[in-house]
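Take a walk through this fold, starting in the middle and working outwards. Keep the viewer open as you read.

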Amino acid sequence: MTELQIITGPMFSGKSEELLRRLSRYPFRPVPPEVFLFKPITDSRGEEELVSSHSGSSMSCVPVKNVFDISQYLQSLDGTVYDPIIGIDEGQFLNGIKELYLDLCNFYDDATLIIAGLNRDYQGRPFPAMERLFSYADKIDILEAICRNCGHMATETYRVSKGTDLIEIDTGDNYEARCKECHAK
Ligand code: ADP
Ligand code: ZN
């Protein structure tokens, strides 16, 4: 069965770092699987064709507009790839990711899908794309960041700037990790 791993938590909790860490280990298998990494184009942190973590690590990726781009990319491999490892960063922006997972289950015997994505938006509301995935997951890791206000464990993402657009581009200083208490204040 195709395995689904989810890495979630607020911004700065190390989701990208953990995704890259996991993907970087597969080449050490005796028979290394093919590894693919996708990210939605809305993430303009760093370069387009790179997934970069705030900690500095990065890996090249295929930027996509939506889940159909991912399906098409995998279909274009035309069955030449056997049970790949598929990483997706910023999964909260990819509606239909649950359907993509179910398609992969039909298409591959033993692939691995690892999705990193935000738990909640800056107003504390779950991201539907992620929410729908949780019940299918084989492994879920909920990471925490450090609250920038009080130093406790942060589970929330706070927006420092005033806009209300859900997908505001992360320029590095318009969001902060916050604990629940400091986020509510
Ligand atoms: P995410 O993908 O969850 O946004 P990243 O993997 O991009 O997280 O970044 C994680 C790194 O960010 C940490 O290893 C640390 O170096 C740095 N960092 C910056 N701000 C914080 C914070 N408030 N709490 C924890 N780590 C932080
Ligand atoms: Zn706090």
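Which residues of β6 are buried on one side, and which on the other? The model is predicted. In it, β6 is covered on both faces. Ile85 and Gly87 are buried on one side. Ile86 and Ile88 are buried on the other.

Now look at the partners of β6. Strand β2 runs parallel to β6, and four bridges join the two. In this pairing Phe38 stands opposite Ile88. Strand β7 also runs parallel to β6, again joined by four bridges. Here Ile85 faces Thr112 of β7.

Step back to the whole sheet. It is open and has six strands, in the order β5-β2-β6-β7-β1-β8. The pairing is parallel. At the edges lie β5 (62–64) and β8 (139–142), each paired on one side only. From one strand to the next the twist averages 20°. Further along the order, β1 and β7 are joined by seven bridges, also in the parallel sense. Gln5 is the residue that stands opposite Ile114 in β7.

Stop at the edge strand β5. It holds Pro63. Is Pro63 buried or exposed? Neither label fits: Pro63 has 17 C-beta neighbours inside 10 Å, so it counts as partly exposed. A residue needs 20 or more to be buried, and 12 or fewer to be exposed. Leaving out residues up to four places away in sequence, Pro63 touches Lys39, Ile41, Glu48 and Glu49. Pro63 and Leu37 are 26 residues apart along the chain. Their C-alpha atoms are separated by 8.7 Å.

Next come the helices. Begin with α1, residues 15–23. Its buried residues are Lys15, Ser16, Leu19, Leu20 and Leu23. Why do they line one face of the helix? Viewed down the axis of α1, they fall within an arc of 130°, so they share one face. What do they pack against? The list consists of strands β1 (3–9), β2 (35–40), β3 (50–52), β4 (58–60), β6 (85–88) and β7 (112–118).

Helix α2 spans residues 67–76. It buries Val67, Ile70 and Leu74. Down the axis of α2 these residues fall within an arc of 55°, so they line one face. That buried set packs against β2, β5 and α3. The face turned away from the buried side carries exposed residues: Phe68, Gln72, Gln75 and Ser76. Just after α2, Asp78 takes a positive phi of about 55°.

Helix α3 covers residues 97–107. Ile97, Lys98, Leu100, Tyr101 and Leu104 are its buried residues. They fall within an arc of 160° when seen down the axis of α3, so they too line one face of their helix. The cover over them includes β1, α2, β7 and α4. Turned away from that buried side are the exposed residues Glu99, Leu102 and Asn106.

Turn to ligand 1. Which residues come nearest to it? Of the 15 residues around ligand 1, they are Ser16, Glu17, Ser53, His54 and Ala145. Ser16 is already familiar as one of the buried residues of α1. Helix α1 and strand β9 (145–146) each supply at least two residues of the shell. The largest share, three residues, comes from α1. By character, the shell divides into five nonpolar, seven polar and three charged residues.

One last stop is Tyr122. Where is Tyr122 found? It sits in the loop between β7 and α4 (128–134). Tyr122 has 23 C-beta neighbours inside 10 Å, and therefore counts as buried. Setting aside neighbours within four places in sequence, Tyr122 is in contact with Thr157, Tyr158, Arg159 and Tyr175. How far in space is Tyr122 from Glu17? Their separation is 21 Å, C-alpha to C-alpha, with their places 105 residues apart in sequence. Glu17, recall, is among the residues that come nearest to ligand 1.

Conventions
Residues are numbered from 1 along each chain as its sequence is written. Chains are lettered from A and ligands numbered from 1 in the order in which they are written. This is a predicted model: local features need pLDDT of at least 70, side-chain atom pairs count only at pLDDT 80 or more; totals for chains, interfaces and linings use all residues. The arc is that of the directions from the helix axis to the C-beta atoms. Two residues are in contact if their C-beta atoms, placed from the backbone, lie within 7 Å. A residue is near a molecule or strand if its C-beta atom, placed from the backbone, lies within 6 Å of it. Ala, Val, Leu, Ile, Met, Phe, Trp, Tyr, Cys and Pro count as nonpolar, Asp, Glu, Lys and Arg as charged, and the others, Gly among them, as polar. Two strands pair if DSSP finds at least two bridges between them. Axes are lines fitted to C-alpha atoms, for helices over the stretch in contact, and angles run from 0 to 180 degrees between N-to-C directions.
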